[in-house]
Amino acid sequence: MMDATTWRVGWRCLLLLALLGSTRSEGMQSCEEVRKLFQWRLVGAVKGLPDSPRAGLDLQVCTSGKPTCCTRRMEERYQTAARQDMQQALQTSTSTLKSLISRNAAAFQETLETLIRQAENYTSILFCNTYRNMALEAAASVQEFFTDVGLYVFGADVNPEEFVNRFFDSLFPLVYDHLINPGVADSTLEYSECIRMARRDISPFGNIPKRVMGQMGRSLLPSRIFLQALNLGIEVINTTDHLHFSKECSRALLRMRYCPHCQGLMFSKPCLGYCLNVMRGCLAHMAELNPHWHAYIQSLEELSDAMHGTYDIEHVLLNFHLLVNDAVMQAHLDGPKLSEQVNKICGPPLRRPTQSPHCSFDESKEKHGMKISARSEEETLANGRKEFINSLRLYRTFYGALADQLCINDLAAADGLPCWNGEDIVQSYTQRVVGNGIKAQSGNPEIKVKGTDPVINQIIDKLKHVIQLLQGRSPKPDKWELHMGSGGGMAEEVSGDCDDEDGCGASGSGEVKRTPKVTDWMPDEMNLSDVKQIHQTDGHSTLDTTGSGCKIETESMTFTLMSAVMLLPRLW
């Protein structure tokens, strides 16, 4: 098919030819210009085109008491062309909105990837710079934790409470071996497992694990829902772009767009009122989306406005390593008491004859290890969301006004000019003009609208569902109650205020580089061991963290799995 630019140029040339020829069917002696336009528009010659006007008794839609240049076959081809024109007009109208949402969904996703990767690096660097003896053994736990963070944010069915507990469970044996009760060798696997199991009973890290759970719950879930909601917005537009038009609509579009050609009126445009009746009838079901689309954008705005302070994923992720450091330091300070508690539960330490390898370190880069990338105020995730919402707000009534915009901006004749009313060229359209929506179509003189559209109903149900998520999960003190899964049995009433423990302030952003793919499948099994490996060289593990001397190969492994899961919105 030809592109839009070629079509517009060719159309204007053929309209000029038409203007130079006959302008009224009464004086039409030849169908040559009609044939030329028909053959060009429908790509290639069609047998049986009339050379001169005929009675047209076989026509079903473009009927007229005047001679016609159309045949029944031409009428059928014109009807197909009218549907294609309508679909192209819809796609053109929605292209800017679709681009806006797709571009920002990709940017939001890219920024989250960057934040997770950066937070993982900061945590790995913390161990390499401050706790080198346990850095290698901690690498797998750090990687697994941030893999789970990414899986959860991008839609996988993982439990934040479980992966937070799992991280601190695995951290305690390392802290015990290297800081609380250090020895010439590490604990045996059985003894380390006993220490790991005892962590939740003796609470070596105080309330820090619970604080991490609260911060992760408050910040990750809103970001997860926000990204899923953007993906649904793209799905809504894709669905309406390819909506199936009823037989009544197809016939009405044919009568409005191409029946004038049969009378040699190839340059005519429909009257505005006539166009509105046809388009409002064809798009009546789509107009039913309007209140739900308006509520969807409003709910996105409310959630975005509330994502600040301890609800800001940027702040929480980039400061996670500080909480880890506080947790390790607290356990170290309480070492004697913790050692006594471990001895009661697990018995005296049992050592194995091997020693944990240290973190491979490049002294020349040590001073740069914990340097945080500087970002301007304009690059923050919150500012990116704010700019996006400001642009999206302009489209709150998009589906309610779509029919009118199509007629006013493109299809209908300008005020005061002669126009096509479905039968002839007139000075004005005299029929009643109906409103938008299904109920208003009962008095439509141009098209009959029956029943409801199951595809539109399905989209409306999805919008209602995501609106409930956006509104029900909005982090407001009176609405937000975090119920984690089983394990710790925590149910925490969360306040929207930012306190001294949580801290406020962070930065980080990402540049859009791709469009997210939306699908509805989820693999039955995910083997995390496929990506949780540590590269061994000469009997020692090699770690590599960007921007530090500590070499930790975590980024590629963590995000190999994460990239696959970003395809899973998991809305339903």
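In this predicted model, threonine 68 sits in the loop that links α2 and α3. With a relative accessible area of 3%, threonine 68 is buried, since the cut-off for that class is under 20%. Beyond residues up to four places away in sequence, threonine 68 touches Ser52, Pro53, Arg54, Ala55, Gly56 and Leu59, and also Cys262. Histidine 261 offers a second view of this region: 193 residues separate it from threonine 68 along the chain, yet the two C-alpha atoms are 8.8 Å apart.

The helices on either side of this loop can be taken in turn. In helix α2, which spans residues 32-41, the buried residues are Val34, Leu37, Phe38 and Arg41. Viewed down the axis of α2, these buried residues fall within an arc of 100 degrees, and they therefore line one face of the helix. Arg41 reappears in the surroundings of alanine 81, a residue of helix α3. Setting aside residues up to four places away in sequence, alanine 81 touches Arg41, Leu42 and Tyr258. Alanine 81 counts as buried because its relative accessibility is 1%, under the 20% limit. Tyrosine 258 lies 177 residues from alanine 81 in sequence, with a C-alpha to C-alpha distance of 8.8 Å.

Arginine 83 also belongs to helix α3, which covers residues 72-130. Here the relative accessible area is 32%, so arginine 83 is classed as partly exposed, the range between 20% and 50%. Apart from neighbours within four places in sequence, arginine 83 is in contact with Phe245 and Ser250. The C-alpha atoms of arginine 83 and histidine 244 are 9.2 Å apart in space, although the two residues are 161 apart in sequence.

These individual pairings can be set beside the figures for the whole protein chain. The chain contains 19 helices and eight strands. Of its 572 residues, 51% are buried. Among contacts between residues at least 6 apart in sequence, 83% join residues at least 24 apart.

Two helix pairs illustrate how such contacts are built. The first is formed by helix α5 (residues 160-180) and helix α14 (residues 320-333), whose axes come within 10 Å and cross at roughly 50 degrees. At that angle α5 and α14 are oblique to each other, because the value lies between the limits of 35 degrees for roughly parallel and 65 degrees for roughly perpendicular. The crossing of this pair is right-handed. On the α5 side, the contact is made by Phe167, Phe168, Leu171, Val175, Leu179 and Ile180, and on the α14 side by Phe320, Val324, Ala327, Val328, Ala331 and His332. By class, the residues of this contact divide into 11 nonpolar, one polar and no charged.

The second pair consists of helix α10 (residues 272-282) and helix α17 (residues 398-411), with axes that come within 9 Å and cross at roughly 140 degrees. This angle makes α10 oblique to α17, since it is not over the 145 degrees that would count as roughly antiparallel. α10 passes α17 in a right-handed crossing. The residues of α10 that make the contact are Leu272, Cys275, Leu276, Met279 and Arg280, while α17 supplies Ala403, Asp404, Leu406, Cys407, Ile408 and Leu411. The contact of α10 with α17 has nine nonpolar and two charged residues, and no polar ones.

Two serines complete the picture. Serine 304 is part of helix α12, residues 290-306. A relative accessibility of 8% means that serine 304 counts as buried. Its contacts, leaving aside neighbours within four places in sequence, are with Phe226, Arg385 and Ile389. Serine 203, in turn, occupies the loop between α6 (189-202) and α7 (208-241). Serine 203 counts as partly exposed, because its relative accessibility is 40%. Its backbone deserves a glance as well: phi of serine 203 is near 50 degrees, a positive value in a residue other than glycine. Most residues other than glycine have a negative phi.

Notes
Residues numbered from 1 in each chain as written. Predicted model: local features only at pLDDT ≥ 70, side-chain atom pairs only at ≥ 80, totals over all residues. Heavy atoms only, no water. Buried < 20%, exposed > 50% of the residue type's maximum accessible area, 1.4 Å probe, protein only. Helix = DSSP H or I, 4+ residues; strand = E, 2+ residues; numbered from the N terminus. Arc of directions from axis to C-beta. Axes fitted to C-alpha atoms, helices over the stretch in contact; angles between N-to-C directions. Parallel < 35°, antiparallel > 145°, perpendicular 65-115°, else oblique. Left-handed = near helix turned anticlockwise from the far one by under 90°. Contact = heavy atoms within 4.5 Å. Nonpolar A, V, L, I, M, F, W, Y, C, P; charged D, E, K, R; others polar.
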